[in-house]
Amino acid sequence: MKKLLSIFAVVAFAFSAHAGTLDDVKNRGFLKCGVTTGLAGFAAPDDSGEWAGLDADMCRAVAVAVFGDRSKVEFITTTGKSRFPTLASGEVDMLARNTTWTLTRDAELGLTFVGVNFYDGQGFMVRKTLGAKSAKDLSGATVCYSIDTTAEQNIKDFFELWDMKYLPVGVYPDEDIVELYLQGECDMYGIDRSALAGDRTKYPEPEKHMILPEVISKEPLGPAIR
């Protein structure tokens, strides 16, 4: 709890350091917060339609810091491709969307990551029928990954490290990587392990799938502002 509160304080400080955005938020009367289109545990509508999860609560924490009211938030969905342009354009005031803080993004996009609220790592999902105990058992596999994320390079590095061949399949933001996997378009797919766990809860038969033990990257996730 102390760690989360310190993150909220950092976010509030970051807004105070960018008076233009803070003034806009105050004058408007609510925070426009960019979130995912729906990822269990981070930001997704619950049964009542209310946004729930770690990132959704990050947005509410900032609303409390600015207005003293957790309800003063408009949640705006973004894809992996649209999230940074949406923030840069001012369509949202803050991005809280299970986004990895990288040197390139920090240095080149004109954004500021204000802290880490979840430490993750990329992994792989496979069908149990493959009989694999490790990703190293899957040389020659077809591997799906989401374009415009850190996944592509991570997968390339992993397979090159172990001198394994694979067939990469890039999935565009308007395509559903889970649906393609379930349809058999790929043997496995690689994204953050937290996202894999959230995805599996929505499978028709989740017990027939498993997350392999390898963690092939470091993914510090956190909110960003202009």
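In this predicted model, C33 is buried, its relative accessibility being 0%, and C59 is likewise buried, with a relative accessible area of 0%. These two cysteines are joined to one another by a disulfide, in which the distance from S to S is 2.0 Å. The torsion about the S-S bond is -65 degrees, and the link of C33 and C59 is accordingly described as left-handed. The bond connects distant parts of the chain, since C33 belongs to strand β1 (residues 31-35) whereas C59 belongs to helix α3 (residues 54-67), the two cysteines being 26 residues apart. Both ends of this strand-to-helix link fall under the 20% limit below which a residue counts as buried, because C33 and C59 each have a value of 0%.

A search of the whole structure finds two disulfides, and the other pair consists of C144 and C186, whose sulfur atoms lie 2.4 Å apart. The link of C144 and C186 is left-handed, with -110 degrees about the S-S bond. C144 is placed in strand β9 (residues 142-146) and C186 in the loop between α7 and β11, so that the disulfide ties together parts of the chain that are 42 residues apart in sequence. Both C144 and C186 are buried. When the bonded cysteines of the chain are numbered in sequence order, the pairing reads 1-2, 3-4.

The largest pocket of the model has a volume of about 830 Å³. Its lining is made up of 35 residues, of which T36, R97, S146, I177 and I191 are the closest to the centre of the pocket. Helix α7 (177-182), strand β11 (188-192) and helix α8 (193-200) each supply at least two residues of this lining, and the largest share, four residues, comes from α7. By residue class, the lining of the largest pocket divides into 13 nonpolar, eleven polar and eleven charged residues.

A contrast to the buried cysteines is offered by L103, which lies in helix α5 (residues 103-108). L103 is exposed, because its relative accessible area of 71% is over the 50% limit used for that class. The C-alpha atoms of L103 and F158 are 20 Å apart in space, and the two residues are separated by 55 residues in sequence.

Key:
Residues numbered from 1 in each chain as written. Predicted model: local features only at pLDDT ≥ 70, side-chain atom pairs only at ≥ 80, totals over all residues. Heavy atoms only, no water. 1 Å grid on protein atoms, 1.4 Å probe; cavity = no way out; pocket = protein on both sides within 12 Å on 5 of 7 lines; lining within 4 Å. Points joined across faces, edges and corners; volume = space filled by probe spheres on them. Nonpolar A, V, L, I, M, F, W, Y, C, P; charged D, E, K, R; others polar. Buried < 20%, exposed > 50% of the residue type's maximum accessible area, 1.4 Å probe, protein only. Disulfide = S-S within 2.5 Å.
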